[in-house]
Amino acid sequence: MADCIFCKIIAGEIPSAKVYEDDDMLAFRDINPQAKVHVLVVPKSHFATLAEMNDAQAELVKKCMKKIPQIASSLGLSDGYRLIVNQGEAAGQTVHHLHIHILGGQNMGEKML
Ligand code: AMP
């Protein structure tokens, strides 16, 4: 998608602090971290929400979820971490390319799950 910031990051047109990349996904540090460790895992196919996801994209999301423990381990999140996947503007989704937030590196508390 020409006007998608995450597609531009995937294409290397916008720099990012990469922590993991393979053929299916890119993981990079959030530019405005909400925890000591805040990384975004982004499938390399443009779709905004789970409601728009096709079967091939669902496979990519599955691969992302299976890879996240390895990514989290590489980030030192051995005590646990939180995953957030905002769906739509009312949920606070600002980038309309599906992404999984990994948040950790501190006690996340019990508010908002
Ligand atoms: P969401 O609100 O769930 O759509 O999350 C989008 C996230 O993308 C926010 O936490 C932003 O800080 C982050 N973000 C936006 N632009 C960039 C960028 N160029 N590099 C890294 N993270 C970004």
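This is a short exchange about the pockets and the ligand of a predicted model.

Reader: What makes the ligand count as sitting in the largest pocket?
Author: The test is that more than half of a molecule's atoms lie within 2 Å of the pocket's grid points. The ligand is placed in the largest pocket, so it meets that test.

Reader: How many residues line the largest pocket, and which lie nearest its centre?
Author: The lining has 24 residues. Nearest the centre are Phe 6, Asp 30, Ile 31, Asn 32 and Leu 40. The volume is about 440 Å³.

Reader: Which elements supply at least two residues each to that lining?
Author: Helix H1 (5-10) and strands S2 (25-29), S3 (37-43) and S5 (100-104) do. H1 gives the most, with 3 residues.

Reader: Why are Asp 30, Gly 92, Thr 94, His 99 and His 101 said to surround the ligand?
Author: A residue qualifies if one of its heavy atoms lies within 4 Å of the molecule. The ligand has 16 such residues, and these five are the closest. They are therefore part of the shell.

Reader: Which elements give two or more residues to the shell around the ligand?
Author: H1 and S2 do. H1 gives the most here, with 3 residues.

Reader: What is the make-up of the shell by class?
Author: The shell has 7 nonpolar, 7 polar and 2 charged residues. For the lining of the largest pocket, the split is 12 nonpolar, 10 polar and 2 charged.

Reader: Why is the pair between Thr 94 and the ligand called a polar contact?
Author: The cut-off for a pair of N or O atoms is 3.5 Å. A backbone N or O atom of Thr 94 is 2.7 Å from a ligand oxygen. That is within the limit, so the pair is a polar contact.

Reader: What about Ile 31 and Val 95?
Author: A polar backbone atom of Ile 31 is 3.1 Å from a nitrogen of the ligand. For Val 95, a polar backbone atom is 3.0 Å from an oxygen of the ligand. Both pairs fall within 3.5 Å, so both are polar contacts.

Reader: How much of the ligand does the protein bury?
Author: The protein buries 85% of the 500 Å² that the ligand exposes when taken alone.

Reader: What makes Arg 82 the charged residue in the lining of the second largest pocket?
Author: Arg counts as charged, as do Asp, Glu and Lys. The lining is Gln 34, Arg 82, Leu 83, Ile 84, Leu 103, Met 108, Met 112 and Leu 113. It has 1 charged residue, 1 polar and 6 nonpolar, so the charged one is Arg 82.

Reader: Which strand gives the largest share of that lining?
Author: Strand S4 (residues 81-84) does, with 3 residues. This pocket's volume is about 180 Å³.

Definitions and conventions. Residues numbered from 1 in each chain as written. Predicted model: local features only at pLDDT ≥ 70, side-chain atom pairs only at ≥ 80, totals over all residues. Heavy atoms only, no water. 1 Å grid on protein atoms, 1.4 Å probe; cavity = no way out; pocket = protein on both sides within 12 Å on 5 of 7 lines; lining within 4 Å. Points joined across faces, edges and corners; volume = space filled by probe spheres on them. Helix = DSSP H or I, 4+ residues; strand = E, 2+ residues; numbered from the N terminus. Polar contact = N/O pair within 3.5 Å; in protein donor to acceptor, adjacent residues only side chain to side chain. Areas by Shrake-Rupley, 256 points an atom, 1.4 Å probe, with all protein chains shown as cover.
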